[in-house]
Structure formats: structure tokens, C-alpha cells
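Reader: Let us take a close look at a single part of this model, then work outward from there.
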Amino acid sequence: MANKTISPAQQRVRAAFKVGAAFLAPLNGLIKKGFAEMAKRKNSLASGLALGYTLQMAIKYETDGPVVDPALVRLSEGSLWGVVNGQVHRYVDRIEVAHEMQFSSLVNHDDRLILCAYQVEKGYAFVNEQIWQRREGKVVVPIPEGFQDDGFHLYLLVSNRKGSKYSRSLYLGYSTK
């Protein structure tokens, strides 16, 4: 079998694929839930849909090669209404996001809020383990000792009480101490 030469365009696509997959890898469990509704509808894999979106929308090419823009990444996609006007408050041991209850007649007040704090460089993420409902107006994720000096990219997701439907994830920005 003859060796194939790889064109520069193929190398560029492979590099983007590698960077995108590496960015999403620590979030795979959350992505499987967040894209499950769309994956079922499209008869596809949730991780494949998230990676495809990342490759199309969130990859930026710089002189060093492709990089992922965290603000453009989606961790969930679905039919639920998301949260508007999320306000981030960072404390030593936790991150809180408060929100307003707008369009209250259009949303279920028992929808669950999920806050994901993602440390890209070190490859780990925290999500709230306590159940926070939309009607409470906030969600809190604790930051364990030893990780409190790290900066985090923050994503907010909303799911119904069964966890079968999700909203489109909302990027809240980068939080530092």
C-alpha cells in the first residue's frame, strides 16, 4: 500500500479536530445529557453534535494553529427556555449565578439549573451537585480547597426536572479570584 501524503488543508482540519475534541473531553458526561434531545431527533451521537458545532463555530485559527474560543462552545442544545441576565458572583469557596425570572408564564419554575465551572488548562470541571431550581433565582457551585485560586470558564444550562430536555447553554464568561 502506497503512503499517502497529507495536504496542508487536511493537516489543518486534523489539528482543529484534535483541539476541539481535547477541549470537550472533560465535559463529555455533561454534553451527553445536554445534547441528548437533539441527538435522538437527528439520530446521531451527542458528542458528535457538540464536536461538530465546536468545529464549525468555535475554532479560531491563529499563527500557532487552531484554538477553541470558549465563548462560542455549546454544552447543551434543546427546546427549553434558558436563563437571561445571569450575574456571576465569585467568592473564595464558591461561585454563584443569580438570575431574573423573566417570562415566568412561559417557563416551568421547577426546571433545574446546572452551573459548570471549567478549568481548560488543567482539564477539569465542577458542576453543582445540589439541585437548584429556576424559581430560586440562583445556582451555586462549590469550589473545593486547592482549586480556589484557579480561573474558570462558566456555563449555565437549564434542564427539566426529569433531565430529558435542556436549554441552549449560556456562556457567562471567565471568572478569576
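In which strand does Gln133 lie?

Author: Some ground rules come before the strand. This is a predicted model, where local features need pLDDT of at least 70, side-chain atom pairs count only at pLDDT 80 or more, and totals for chains, interfaces and linings use all residues. Residues are numbered from 1 along each chain as its sequence is written, and side-chain values use heavy atoms, with hydrogens and water left out.

Gln133 lies in strand S7 (residues 132-133). Strands (E, at least two residues) and helices (H or I, at least four) are DSSP runs, numbered from the N terminus. Gln133 has a relative accessible area of 18%, so it is buried. Buried means under 20% relative accessible area, exposed over 50%, and partly exposed in between (1.4 Å probe, protein chains only).

The side chain of Gln133 makes a polar contact with that of Arg135, at 2.6 Å. A polar contact is a pair of N or O atoms within 3.5 Å; within protein, one must be able to donate a hydrogen and the other to accept it, and residues adjacent in sequence count only if both atoms are side-chain atoms. Leaving out residues up to four places away in sequence, Gln133 touches His109, Asp110, Asp111, Arg112, Leu113 and Lys138. Contact here means heavy atoms within 4.5 Å.

Two of these neighbours lead on. Lys138 falls in strand S8 (138-142). Strands S3, S4 and S8 form an open sheet in the order S3-S4-S8, with antiparallel pairing. Strand S3 (87-90) and S8 stand at its edges, each with a single partner strand, so one side of each has no neighbour in the sheet. Strand S4 (residues 94-98) and S8 pair over five bridges; two strands pair if DSSP finds at least two bridges between them. Within this pairing, Arg94 has Pro142 of S8 as its bridge partner.

Leu113 leads to the cores. A nonpolar core is a set of buried Ala, Val, Leu, Ile, Met, Phe, Trp, Tyr and Cys residues joined through side-chain atoms within 4.5 Å. The largest has 24 residues, and Val73 and Leu75 touch the most other members. Elements giving two or more residues to this core are H1, H2, H3, H4, strand S5 (112-119) and strand S9 (152-159). H4 gives the most, with five residues. Apart from this core lies another, of 18 residues, among them Leu113, Leu80, Ala117 and Leu156.
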